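Welcome! Here is a short tour of the open spaces in a protein and of one spot on its surface.

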Amino acid sequence: MANKSFDRNIFGRKINTPKKNVRTLPEPTAVTAMSEIAAICERTLTDSFIASDVKEGYRSIMMVLGKEDGISQLTIANETNLKPSTISIALKKMEHEGYITRVNDANDMRMSRVYLTEEGLEIANRAYNSTEQLSNVLLEGISRSDLETVMYVVEKMKANYEKKFNK
């Protein structure tokens, strides 16, 4: 027979209350701390992007194009970790809204290159500025040595993940 614990209701009757398998919350770990920082970053950058009346979903695409203009749709998908079909839909909307232009590749007419327009470049620059400001706030008072250690540990964690899950 399963373990049962009995409590009494307001009338004094015994009622069966099965024991719950409840775990205590674990102590904070490096992973939970990184998750909290990632959530802070995402929330802050999303808020700054929404304030500019641009769809938040465009942010990662614009930031990739801000680093390297004139890349293919597949490269954008790889850099943003989004599906090519998602990129295709977003680029169509972004082109309609005047943030990008697409030009057929001179060497391969099946492929188009994606370029930011002046308006798109301005928005990408604002996104980079927001990211830089947030980085300055988060990294204030942290030594170069500590940052190098953090980067080393994060790279090891990514390598462990890739080794385990073949990504």
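What follows is a briefing on two pockets and a surface patch.

The model shown is a predicted one. Its largest pocket has a volume of about 900 Å³, while the second largest has about 190 Å³. Residue I37 is worth keeping in view, as I37 lies among the residues nearest the centre of the largest pocket and also belongs to a nonpolar surface patch.

**The largest pocket**
- A total of 22 residues line this pocket, and those nearest its centre are I37, C41, V150, M151 and V154.
- Two or more lining residues come from each of the helices α1 (30-51), α5 (118-139) and α6 (144-165).
- Sorted by class, this lining holds 17 nonpolar, 3 polar and 2 charged residues.

**The second largest pocket**
- The residues lining this pocket are R59, S60, M63, V64, K67, E79, T80 and Y128.
- Helices α2 (59-67) and α3 (73-80) each give at least two residues to the lining.
- Helix α2 provides the largest share, with 5 residues.
- Here the classes come to 3 nonpolar, 2 polar and 3 charged residues.

**The surface patch**
- Together, I37, L138, L139 and I142 make up a nonpolar patch on the surface, with about 290 Å² of accessible area.
- Within this patch, I37 sits in helix α1.
- Is I37 buried or exposed? I37 counts as partly exposed because its relative accessibility is 40%, and partly exposed covers the range between under 20% for buried and over 50% for exposed.

Key: Residues are numbered from 1 along each chain as its sequence is written. This is a predicted model: local features need pLDDT of at least 70, side-chain atom pairs count only at pLDDT 80 or more; totals for chains, interfaces and linings use all residues. Side-chain values use heavy atoms; hydrogens and water are left out. On a 1 Å grid over the protein atoms alone, a cavity is a set of points where a 1.4 Å probe fits but cannot get out, and a pocket is an open set with protein on both sides within 12 Å along at least five of seven lines; lining residues have an atom within 4 Å of a point. Grid points are joined across faces, edges and corners, and a volume is the space filled by probe spheres set on the points. Helices (H or I, at least four residues) and strands (E, at least two) are DSSP runs, numbered from the N terminus. Ala, Val, Leu, Ile, Met, Phe, Trp, Tyr, Cys and Pro count as nonpolar, Asp, Glu, Lys and Arg as charged, and the others, Gly among them, as polar. Patches are made of residues with over 30% relative accessible area and no salt bridge: like charges are joined within 9 Å, nonpolar side chains (Val, Leu, Ile, Met, Phe, Trp, Tyr) within 5 Å. Accessible areas come from the Shrake-Rupley method with a 1.4 Å probe; for residues, only the protein chains shown count as cover. A salt bridge is a side-chain nitrogen of Lys or Arg within 4 Å of a carboxyl oxygen of Asp or Glu. Buried means under 20% relative accessible area, exposed over 50%, partly exposed in between (1.4 Å probe, protein chains only).
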